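Subject: Handing over a structure

Dear colleague,

I am passing on the structure below, together with notes on what was found in it. Please read them with the structure open beside you.

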Amino acid sequence: MNREDMEQPRPETPYVRQLPLGPMKNFVYLGGAAGGQEAFVVDPAWDVPAIFAALEADGRRLSGIFLTHHHHDHINGVPELLRAKDLPLYVQKAEVDFAEALRPFASAIRPVSPGEWLRVAGVDVQCLHTPGHTPGAQCLHCRGAGLFSGDTLFVNACGRCDFNGSDPLAMHDSLFNVLGKLDGSTKLYPGHDYGDVKVSSLERERTWNPYFQLSDPAAFVKHRMTPR
């Protein structure tokens with residue numbers, strides 16, 4: 001490292017708060033710019049007072065909601081949040097078109113397109129369309145912070161593909177052709193506490209996650225859809 005590099009200011013890592021909430025081992029996330037006063041929330045569910053308490057403790061106010069998909073255990077806090085504050089709700093358009101559960105929030109929803117970048121709470125967030133668990137599932141690639149993966153990718157696992165609208169071939173494509181193109185050093189913030197660590201990395205998952213060892217789509221489908 002030369003002197004010029006040493007004197008170059010380093011960008012601060014964005015703020016991320018992981019909140020374990022509810023009876024299904026969900027993780028709710030807060031994110032935003034380092035040192036900022038705003039935050040977005042990812043998949044608010046189960047305990048909205050705990051979400052507001054975390055925001056207050058960190059000196060932040062809520063400026064937006066991201067949903068990775070429409071399942072109840074990831075959205076059941078949305079009504080209470082929207083009653084408390086008028087907030088934009090960022091959801092993939094394919095999920096909006098598919099999910100009846102999102103209809104009550106229609107006035108708040110801001111449909112996003114695959115790969116679209118948004119500036120929310122002072123940070124850049126890319127909305128990656130990752131179908132498989134649901135038709136409009138998305139992972140949120142927060143520049144400098146990592147990937148909020150919802151129920152697409154877990155530590156040592158991936159999302160189920162046996163729900164209405166699920167598609168194991170789409171899941172395979174999402175893992176290998178969407179998430180597989182991201183840098184391996186990217187931190188992974190999963191939607192549930194199902195693994196041996198609470199935060200992983202894409203490199204770790206590509207090395208040890210059994211679903212990333214199944215590059216053949218037929219083998220992946222057989223393994224994912226075998227009851228266990």
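A residue counts as buried under 20% relative accessible area, as exposed over 50%, and as partly exposed in between. Please keep in mind throughout that this is a predicted model. With a relative accessible area of 32%, Trp 46 falls between those two limits and is therefore partly exposed. Trp 46 sits in the loop that runs between β3 (38-42) and α2 (48-57), and its phi is positive, at about 75 degrees, although the residue is not a glycine. A positive phi in a residue other than glycine also occurs at Lys 25, where the value is near 60 degrees; Lys 25 belongs to the loop between β1 (15-21) and β2 (26-32).

Turning to the interior, the largest nonpolar core has 26 residues, of which Leu 30, Val 41, Ile 51, Leu 67, Leu 89 and Leu 102 touch the most other members. At least two residues of this core are supplied by each of β1, β2, β3, α2, β4 (61-66), α4 (78-84) and β5 (89-92), and the largest share, four residues, comes from α2. Leaving aside residues up to four places away in sequence, Leu 67 touches a set of residues that includes Asp 43, Pro 44, His 74, Val 78, Leu 89, Leu 102 and Gln 138. Another core, which has 19 residues, lies apart from the largest one, and among its members are Phe 66, Cys 127, Cys 142 and Tyr 189.

Helix α6 (residues 168-178) is worth finding next. At its N-terminal end, Asp 167 acts as a cap, with a side-chain oxygen 3.0 Å from the backbone nitrogen of Leu 169. Within α6, the residues Pro 168, Ala 170, Met 171, His 172, Ser 174 and Leu 175 are buried, and what covers the buried residues of this helix includes β11 (153-154), β12 (157-158) and α8 (217-225).

Lastly, there is an open sheet of six strands, with mixed pairing, whose order is β7-β8-β9-β10-β13-β14. Its edge strands, β7 (116-120) and β14 (200-201), each pair on one side only. Elsewhere in this order, β10 (residues 146-150) and β13 (residues 187-190) pair in the parallel sense over three bridges, and Gly 150 stands opposite Pro 190 of β13.

With best regards

Technical notes
Residues numbered from 1 in each chain as written. Predicted model: local features only at pLDDT ≥ 70, side-chain atom pairs only at ≥ 80, totals over all residues. Heavy atoms only, no water. Buried < 20%, exposed > 50% of the residue type's maximum accessible area, 1.4 Å probe, protein only. Core = buried A, V, L, I, M, F, W, Y, C linked by side-chain atoms within 4.5 Å. Contact = heavy atoms within 4.5 Å. Polar contact = N/O pair within 3.5 Å; in protein donor to acceptor, adjacent residues only side chain to side chain. Pairing = 2+ DSSP bridges.
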